[in-house]
Amino acid sequence: MSTHSLTNKSPNLSPVHLPYDPEEYPRETSRHYISASDEDLSAMLQKVGLSRLSDLYSHLPPKKIFTEALSLPEELPYLEAAAELENISKKTNLLPSFIGDLLPAWQVHPIVSEISKLRPLSTSYTPYQPERSQGTLVTHWIYQCVLSNLTGFEAINTSLYDRSAAIFEAICCARRSRKRPGPVLLANSLFEEDISFLQTHAQGTDLELELAPVDATSGRLDYARLEKMLNEQHGSISALVFPQVNALGLLEEVDQLSDLAMKWHIPSIAVIDPMLLATGGLKPPNRFGQHGVDFIAGEAQHLAIPPSFGGPGLGLFGSRFNDQSKKDLRNTPGRYIGKAKDSQNRDCFVMVLSTREQHIRKEKATSNVCSNQAFLATIAGANLLAKGENGLKHSLAQAMGSRKQVAEWIMQRDGIQFAFSDTPAFNDLLLSVEEDPAQLLKGARDRGIHFGIDVSSRIPGNDKKLIKLSFSDLQSEQDLTVLKEFLWDYFPASSSKKREVVPPTHLLRNKPANLPSFSHDELINYYEQLANLNISPDDGCYPLGSCTMKYNPLLNDWAAGLAGFSQAHPQAPEEDVQGPLEVLYQIQEWFKSITGLAGVTTQPVAGAQGELVGLKLFQAYHLSKGEGYRNIVLIPKSAHGTNFATAATAGYASGIVYLQANENGMIDLNDFRQKIDQHRKNLCGIMITNPNTSGIFESDFSEIADEVHKAGGLVYMDGANMNAIAGVINLSKIGVDAVHNNLHKTWTIPHGGGGPGDAIVAVSERLVDFLPGRQIRKEEDGSFRSYLPEKSIGTFHRNWGNFGHKVRAYSYLLRLGKEGVPRMSSVAVLSARYLFEVLRYHYPTLPAHAGKIPRMHEFILTLSEQDFVKLEEAGVPKSQAIPQVGKLFLDFGFHAPTVAFPEVFGLMIEPTESYTKPELDRFARAVIAIKDLIENYPIVVGSAPHFTPIDRVDEVTANRNLCLSETLTHLPSLPVNRIQPKALLALEIDEIKSRILQLHDLSI
Ligand SMILES: Cc1ncc(COP(=O)(O)O)c(C=O)c1O
């Protein structure tokens, strides 16, 4: 795409330079990103028998509907929104930085930005339909292979939220392997933020955490005391967690720690930085001690993107999977991609080991994670292939060269020392200074440099004043010159001798990593082919119910990439990151208005984590009232798997009570009342998805909420379906205490092939004081500052959650404005209701007795008993009928609807507001054609899909003969589309139908 300089009409705004011409993308420039014309909307309204958009909500209680406009600004025209975003980003003061620390930054290969523009990779959903997702599956396979290569671990999942979450999941996994899990021993030399994350999660559960102390004379773990602790606990410890590079930037004795864990038969978890494991770097964790550690956890964000004010992160998790060690794999969390064959023996890839996950195992799942950080895994894999063995080696060498240079300068100055001269470090430099570190850092900033960070408080009992600098391949000669000038200015010349120990060889890698390398052209061509194997909501309706696959504006991605947002480090002084803080502040305030609730946290990075935040808030609230015994969580049977898994993660595994549905698919009030009577005294709360997963608004929501409140419980609303009601229903008026807003659904963040998502949580007045993380306030002088709520439950993210996604949502909301939010929801509902009205004459609908209840954003189709019989006769058993019908959608160029959830025999369709009436009509014709095929040519159902690059995948064998990684000597060979997805979308529906029939020697 070429660069376009576009001039705004407003004389006050400077021209913006967009790397694309928005006019070339009709969905991009349409008002509120709604493609349907006014005529389309009138015709659709007429079809459903209504005259205005607001009539779509006339069946809901009027008192619960917002009567006043939202407190959002008026919508901005495209270029003004772009200019506004650019202006805010410029409020960030980017200085040469040696901060690194919690979130190192390294150069990312330029190929990453090219791959990020491949929309079928960046905007598609989790690869549940392998025949139409080989693109995503291969990128994840590459990630697993190259990370396996670097770490020596055979099973790397794709992926977890961030380092803290990966440590937490590794701990849970280690505990599952113990008969009676005892306390977990955490090195106190881990990052404080990771420790607080774990403590926040442990609260109210049976997870006990103990801290192993740091030795104030060496700056690393006190090994003698650690051994004594292990001795005293007689092997009851369930896991030992330690870092390779600790929070002071010093190297821990990983061999000793690994062997100590082994001696006591304790699972060991090493916290690593994969970048530092490249050739020329640190020892890989499979080589720690005699046998290597059991699990690894770490942050890999810097392999994919710049700091982006803290996120999206990329949680790395690995376990062993070789002839000696296989047993833990089924206890592990997250998503794995395995090698497979399709029914024609073609090589392909598929998600494996799903039976551990929440969508199948609910509260018994190994983790509540659903959306993960998938797209970061995609681009991290590409970055590593593009940099290759030599590129990575070179990056490390450059960082070490800069560090060596600065260490030499330190030797020449007085008043600044190597803090622990006998303890080795790698690419960090830990210095002790005489002056107050805060003053010193301010002095450096005044001279134009972010010198490092004050880490004095990281060793309890330490009286040294400590500053840590981190080095990477990002620091230029010029940055080093600025640093030198500062040192020369600030510290007098020294004549005294200083010494620094070099890392001993046993802590370093002794064999090359041997990462594969490919040329830029080869890779870009390959990733373009991968993109061609997927489909994107850009091109047409992507009817995946409950997932809200709407159009993802290009403007949002452009904004998130602006240097003032993407390069901002979350630990930079607040005065230098006013741009990001302003975005967060506005988001915080706007989401209060959109939900009608009193407070907001921007930390949670996915719906499931939002749910956990909600339940942890409930726990803290009850504890504060002396009612910590409340342990019952009511959840409708039809809820998403994450609701149950989250309740278990929050400590309520034995307190989950299922609620039944009535014949309309809504919560059965009689059953609810019976359960609430039974559990009144111990009721913690209820989790309700509204509108529910059948696309129906829970009309008794307020009544249910009132009864829960009367019983002393609290109400969590799963906001996955906010696209139906955002800006329309005032959640405070229906009694919501906490709700998550999936930015990757309603708020247009691309799904990335499974993540990263984001889930801003809004809460009622009762819970505001307990919110996790920091809040932002606007000062009188217009600046933005952060603060911790008084009774905060702790933290769910080391910083601000997936900040890049907040920028995207902010950009979207600038274009929507106060009118656009309810209009977007209304058109989403209208599109669904329109399709429902067309299709209900062709298919039975579910819930069976809810035919007359107006649908909101989605609806469920099913087949008649006769259809099931016909299919059975044609060789498709009833249990396979619905998933197989889903495959026929792929043949028409669409993604499948959500199959078999929440109704086993349901096809859940959510069209969203992004498509024109002709596009919806074409989709409807395809769905009707599918019904005709089922009724009249059932034989074609069993062999679907017919035009995708691969046929049905043999998942049973892929799961039985698991292959999760291999040495990549060449890029995996790719299947080819039998008909290109775009070509399918351009064909007449009848033409596609006859081509399917021709394959079976049939004709219409
Ligand atoms: C109804 C519902 N709840 C919760 C979730 C979990 O959200 P996330 O994937 O963002 O964790 C989903 C995801 O699809 C959902 O549809």
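How far does a polar side-chain atom of Ser371 lie from an oxygen atom of the ligand? The points below address this and related features of the model, which is predicted.

1. The separation for Ser371 is 2.7 Å, between a polar atom of its side chain and a ligand oxygen. Ser546 also places a polar side-chain atom by an oxygen atom of the ligand, at 3.0 Å. For His744, an N or O atom of the side chain is 2.7 Å from a ligand oxygen. The ligand on its own exposes 390 Å², of which the protein buries 99%.

2. The ligand is surrounded by 15 residues, and those that come nearest are Ser371, Gly607, Ala608, Asp718 and His744. Ser371 and His744 therefore appear both in this nearest group and in the polar pairs described above, Ser371 at 2.7 Å and His744 at 2.7 Å.

3. Sorted by class, the shell around the ligand comprises 7 polar, 5 nonpolar and 3 charged residues. Helix H19, spanning residues 607-624, makes the greatest contribution to this shell, with 3 residues.

4. Turning to helix H7, this element covers residues 163-176, 14 residues in total. From its first C-alpha to its last, H7 reaches 20 Å, close to the 20 Å expected at 1.5 Å a residue. At its N-terminal end H7 is capped by Asp162, a side-chain oxygen of which lies 3.3 Å from the backbone nitrogen of Ser164.

5. Is H7 largely enclosed or largely open, and why? Because 13 of its 14 residues are buried, H7 is largely enclosed by the rest of the structure. Buried here denotes under 20% relative accessible area.

Methods. Residues numbered from 1 in each chain as written. Predicted model: local features only at pLDDT ≥ 70, side-chain atom pairs only at ≥ 80, totals over all residues. Heavy atoms only, no water. Near = heavy atom within 4 Å. Polar contact = N/O pair within 3.5 Å; in protein donor to acceptor, adjacent residues only side chain to side chain. Areas by Shrake-Rupley, 256 points an atom, 1.4 Å probe, with all protein chains shown as cover. Helix = DSSP H or I, 4+ residues; strand = E, 2+ residues; numbered from the N terminus. Nonpolar A, V, L, I, M, F, W, Y, C, P; charged D, E, K, R; others polar. Expected span 1.5 Å × (residues − 1). Buried < 20%, exposed > 50% of the residue type's maximum accessible area, 1.4 Å probe, protein only.
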